[in-house]
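Reader: I'd like a close look at how the inside of this one is packed. Pick a good spot to start and work outwards from there.

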Amino acid sequence: MRSTEPLYRSVNTRTQRVHHGVGGEFRHGRNSKDARRLEDAPRTPMHGRHRHGRDYTPLYRFLLSRVGRPWDEVYAEVKPRMDGDEPIFWMVARPGEERRERVRVGESSYFSGLYIDEADGVLRLVNPGLDADTMWPSCPCCTHTFNGKRFGLTFEQGLAGA
């Protein structure tokens, strides 16, 4: 039996000191001169309908676990568990598109790039030789990961080797 659990998580909006880039506070402009000129200004609600976003880490891990399988089967399994097609193709290059060895999915998280092999329609890794043990972060302050595994080299080791 196939799982019907979604392959994404909602962003935690209740965590303290986590800002989601919503923008300015509406309360500061609600009774301004410009707002009073508008016909609907007094009826404008204070709550927003902003959709913060999703964490697609479960999707990326799922796709990595299906490397080597026919794309049509993988896509048929993924599609009903997603809220749209776009996040799938952030990691998977369609035939004819540019293939990327690694895909940045957060501030310091990377995953292997995937592509659909045109010859046999199978999901494949762009560079199967990439490994977190040989990578180093671009800054000394963050914890960088590749496919969920922490980079093997430190920032200083990366500078010394470059």
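Author: Let's call it a contact when heavy atoms lie within 4.5 Å. This is a predicted model, so local features need pLDDT of at least 70 and side-chain atom pairs count only at pLDDT 80 or more, while totals for chains, interfaces and linings use all residues. Numbering runs from 1 along each chain as its sequence is written, and side-chain values use heavy atoms, leaving out hydrogens and water.

A good spot to start is Ile88. Ignoring neighbours within four places in sequence, Ile88 touches Leu59, Leu63, Trp71, Tyr75, Val78 and Met82. Ile88 is also one of the residues with the most contacts inside the largest nonpolar core, along with Leu59, Leu63, Trp71, Val78, Met82 and Val92. That core holds 18 residues; a core here is a set of buried Ala, Val, Leu, Ile, Met, Phe, Trp, Tyr and Cys residues joined through side-chain atoms within 4.5 Å, with buried meaning under 20% relative accessible area for a 1.4 Å probe, protein chains only.

Which elements feed it two or more residues? They are α2, α3 (71-78), α4 (88-91) and β6 (114-116), where helices are DSSP runs of H or I, at least four residues, and strands are runs of E, at least two, numbered from the N terminus. The largest share, 4 residues, comes from α2. A separate second core has 5 residues, including Tyr110, Ala132, Met135 and Phe151.

Follow β6 outwards and you reach an open sheet of 3 strands, ordered β3-β6-β7 with mixed pairing (strands pair if DSSP finds at least two bridges between them). The edge strands are β3 (92-93) and β7 (123-125), and each has a single partner, so one side of each has no neighbour in the sheet. Between β3 and β6 there are 2 bridges, in the parallel sense, and Ala93 sits opposite Tyr115 in β6.

There's another open sheet, with 4 strands in the order β4-β5-β8-β9, again of mixed pairing. Here β4 and β9 (149-150) are the edges with a single partner strand each, so one side of each is left without a neighbour in the sheet. Strand β8 (residues 145-146) and β9 run antiparallel, joined by 2 bridges, and Phe146 stands opposite Lys149 in β9.

Note on methods. Buried < 20%, exposed > 50% of the residue type's maximum accessible area, 1.4 Å probe, protein only.
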